[in-house]
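Me: Please take a close look at the largest pocket in this model. What lines the largest pocket, and which element gives the most to the lining? Set it against the chain as a whole.

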Amino acid sequence: MTTFDKREEGFEKQFAHDEELRFKANARRNKLFGHWAAEKLGLAGAEAETYAKTVVMAAFEEAGDDGVFRKVRTDFQAKGLALSDHQIRRTMDELMDQAVAQIKASG
């Protein structure tokens with residue numbers, strides 16, 4: 001194996017590792033976001049946990065953050081909660097920072 005091949009293999013492993021961390025951070029952020037939204041919706045306990053899971057699953061229905069955002073935005077509107085898109089997206093960003101910190105601390 002040449003030096004170039006070894007370097008390429010190293011980059012591929014790093015890319016796979018980074019993608020795995022990104023997936024874990026997104027999943028954790030979505031769960032945290034689901035719990036935050038559940039609290040805003042007045043849910044607690046098992047209902048809050050179930051709701052958080054539906055938020056996580058919304059990420060698989062639509063690529064990127066749009067599915068998660070749309071799920072929560074729709075639920076807030078249905079309950080008459082007046083949070084702006086900016087407030088919701090800012091919370092998503094803050095929770096992503098928290099999720100990344102938790103992932104780094106655990107691994």
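Reply: Start with the contacts. In this predicted model, 56% of the chain's contacts with a separation of 6 or more join residues 24 or more positions apart. The secondary structure is quickly told. The chain holds four helices and zero strands, in the order α-α-α-α from the N terminus on.

Now the overall dimensions. Along the principal axes, the C-alpha atoms fill a box of roughly 60 × 25 × 20 Å. The radius of gyration is 17 Å, whereas a compact globule of 107 residues would come in near 13 Å. Buried residues account for 28% of the 107; buried here means under 20% relative accessible area. The accessible surface is about 7,200 Å². Carbon and sulfur atoms own 55% of that surface.

Next, the pocket itself. Rolling a probe the size of a water molecule over the atoms shows where empty space is left. The largest pocket has a volume of about 170 Å³. Two helices, α1 (3-40) and α2 (45-61), each supply at least two residues of its lining. α1 gives the most, with five residues.

The full lining reads Phe23, Asn26, Ala27, Arg29, Asn30, Val56, Ala59, Phe60, Gly64 and Asp65. By class, the lining of the largest pocket splits into five nonpolar, three polar and two charged residues. Phe23, Ala27, Val56, Ala59 and Phe60 are lining residues of types that count as nonpolar. Arg29 and Asp65 also line the pocket, and their types count as charged. Gly64 is in the lining too; Gly counts as polar here.

Notes:
Residues numbered from 1 in each chain as written. Predicted model: local features only at pLDDT ≥ 70, side-chain atom pairs only at ≥ 80, totals over all residues. Heavy atoms only, no water. 1 Å grid on protein atoms, 1.4 Å probe; cavity = no way out; pocket = protein on both sides within 12 Å on 5 of 7 lines; lining within 4 Å. Points joined across faces, edges and corners; volume = space filled by probe spheres on them. Rg over C-alpha atoms; globule rule 2.2 N^0.38 Å. Buried < 20%, exposed > 50% of the residue type's maximum accessible area, 1.4 Å probe, protein only. Contact = heavy atoms within 4.5 Å. Areas by Shrake-Rupley, 256 points an atom, 1.4 Å probe, with all protein chains shown as cover.
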